[in-house]
Amino acid sequence: MSDKPITYSPDCKYTETHEWARQEGDLIVVGISDYAQNQLGDIVFVEMPPIGDTVQAGKAFSVIESVKAASDIYAPVSGTVAATNADVVNDPALVNQDAFGAGWLVKIRPSQPGEMDKLLDATAYQQKVEAGELK
Amino acid sequence: MLTLRRTPLYDTHRALGARMVEFGGWEMPVQYSGILAEHQTVRHAAGLFDTDHMGQFEVTGRDALPFLQHLLTADLATMEMFEARYAILCYADGTCVDDTFVYKLPGRPKTSPRYLIVVNASNRLKDWAWMNAHRGGFRVNLHDLSDEWCMLAFQGPKAETILQRLEPFDLSALKYHRAREFKIGQGRGLIARTGYTGEDGFELFFPVAHAKHLWDAILEAGQADGALPIGFGARDSLRFEAKLPLYGHEIDAHTTPLEAALGWACALDKMFIGRDALLKQKLEGVAKKLVGFEMVDRGIARSGYEIAKDGRAIGIVTTGMFAPTLGKNLGLGFVPPEFAALGTEFEVIVRGKPLKARVVKTPFYERPGRS
């Protein structure tokens, strides 16, 4: 894990809390960044919200646990949970292996248009990470 | 601001790609390649740990034995030369100052023993003060060797085979909890068949100048067998599976050895600080007991989480995690004795939700073939 360079998928938007969001039709796919999975280390547990749950931008909607600790996952946009990734529930290591692909967490049906525009683009996110501005 | 201390291997860890974290006042590697891979390396091959943060005290003098008998729970009078024994420093009320490993070694003259006491890094200053405060009329010399001696652990089923490539003497003759001296440079070190992982393995003590050389030599000798450096993340998961206590979790100044299932380390038939309190507790029974449990519902118990039964708080989790060897979410925690029987079910409160857990046999992991 740690010997591979960190990637920043250019087709995603990012939060300062290390979630990514990608428009897919009328849904927003959400996961955690490659940087975040690398920082967390081996992920052993993911708690998903129920389908239909309302999520609010900036509020915790899920928990990811590494061997060492539990970390809250925050919603990049507001809306309702349209889908959750059952593969990740069964094999949480997918988040480590493919954070932007097979390791996606939830799909959100957005309720507040324009929230995606407030997120960081890949370049801005990478700059903040590398400058050590984000926890 | 408190400055974190670094071992002589700090730069070596950084060069190996370690992620460094604070542990007991020290900046130590939490992981190199990843906690799960490192954990499995120790269970199936061998792993090298920098444990130089631990404190090492030497006790000599004609009253060394009576002094340590007065301070420590184990009966050290029955120790043979070059034996290692687990023992606890207790307060007068029976709670724990620290847990230690005691090594009885030849002193000067060789027939008069010196004792090496290995203590937790986070408790080193407290233990040193405690031991000095209780010198009383004992004719002893106390020497803090922590900064002069380096300590490494090399643990796993292949540890003996690999170390044998570096040492002329027959390591298979070194029995469990026994030590012997070895030559290093112009000086001498100590190698002991002890550890904190639940695996076979060794701990090495030697002059600090040789730290980098010996670290590199062991990893090189073990490269073909898959030996790797291991961080504190896996050190914790390994000791947890083997139910080895960690100060601040299973034992502390609010817990007695009897409550923490460490009565076997307490010789209540001799006098020591805390003995009367422990004897009374043994007769009257403990109010809380350390148990191992498995999560029945999906979720991970963590240190500090509440344990409840039918909505009523009954205890607390001391350590909990995904146990890599078992592939299960397991925990250790304190509950009243009536909830300690195997198969008992209770709830662990995980982020406000009561999740079902069941008391299971401990240690969770015992190495194959261990008699």
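How many residues does the contact take from chain B and from chain A? Keep that in mind while opening the structure, which is a predicted model. The contact takes 13 residues from chain B and 12 residues from chain A.

**Stop 1: the contact, from the side of chain B**

Select α2 (35–44), α7 (232–241) and β16 (312–323) of chain B; these are the elements that give two or more residues to the side touching chain A. Colour that side of chain B by class: 5 residues are nonpolar, 6 are polar and 2 are charged.

**Stop 2: helix α2 of chain B**

Stay on α2(B), one of the elements just selected. This helix is mostly covered, with 7 of its 10 residues buried. To see them, select B:I35, B:L36, B:E38, B:H39, B:T41, B:V42 and B:R43. Then show what they pack against: β2 (26–31), β3 (47–50), β9 (149–155), β13 (228–229) and α7 of chain B. Helix α7 thus appears twice on this tour, as a packing partner of α2(B) and as an element on the side that touches chain A.

**Stop 3: chain B as a whole**

Zoom out to chain B, which has 8 helices and 19 strands. Its radius of gyration is 21 Å, close to the 21 Å that the globule rule gives for 371 residues, so chain B is as compact as a globular protein of that length. Along the principal axes, its C-alpha atoms fill a box of roughly 65 × 55 × 50 Å. Buried residues make up 46% of the chain. Of the contacts in chain B with a separation of 6 or more, 67% are between residues 24 or more positions apart.

Colour chain B by domain next. The assignment gives domain 1 (10–52 + 147–241), domain 2 (55–144) and domain 3 (287–371). The C-alpha centres of domain 2 and domain 3 of chain B lie 33 Å apart.

**Stop 4: the nonpolar core**

In soluble globular proteins, nonpolar side chains tend to be buried together. The largest nonpolar core here has 136 residues. Select the residues with the most contacts inside this core: B:L68, B:L72, B:V102, B:Y103, B:L152, B:F154 and B:L204. Centre the view on B:V102. Leaving aside residues up to four places away in sequence, B:V102 touches B:L68, B:L72, B:L76, B:A84, B:R85, B:A87, B:Y115 and B:I117.

**Stop 5: chain A as a whole**

Now hide chain B and show chain A, which has 4 helices and 10 strands. Followed from the N terminus, its elements run β-β-β-α-β-β-β-β-β-α-α-β-β-α. A compact globule of 135 residues would have a radius of gyration near 14 Å, and the 14 Å of chain A agrees. The C-alpha atoms of chain A fill a box of roughly 40 × 35 × 20 Å along the principal axes. In this chain 43% of the residues count as buried.

**Stop 6: the sheet of chain A**

Which strands form the open sheet of chain A, and in what order? There are 7, in the order β5-β8-β9-β3-β2-β1-β10, with antiparallel pairing. Find the edge strands, β5 (54–55) and β10 (120–121), each of which pairs on one side only.

Walk inward from β5(A). It is joined by 2 bridges to β8 (residues 79–84), running antiparallel, and here A:V55 has A:G79 as its bridge partner. β8(A) pairs in turn with β9 (residues 106–110) over 5 bridges; select A:T80 and, opposite it in β9(A), A:R109.

Finish with β1 (residues 13–14) and β2 (residues 19–24) of chain A, an antiparallel pair with 2 bridges. Between them, A:Y14 has A:W20 of β2(A) as its bridge partner.

Key: Residues numbered from 1 in each chain as written. Chains lettered and ligands numbered in written order. Predicted model: local features only at pLDDT ≥ 70, side-chain atom pairs only at ≥ 80, totals over all residues. Contact = placed C-beta atoms within 7 Å. Nonpolar A, V, L, I, M, F, W, Y, C, P; charged D, E, K, R; others polar. Pairing = 2+ DSSP bridges. Buried ≥ 20, exposed ≤ 12 C-beta atoms within 10 Å, placed from the backbone. Core = buried A, V, L, I, M, F, W, Y, C linked by C-beta atoms within 7 Å. Domains from an automatic or database assignment. Rg over C-alpha atoms; globule rule 2.2 N^0.38 Å.
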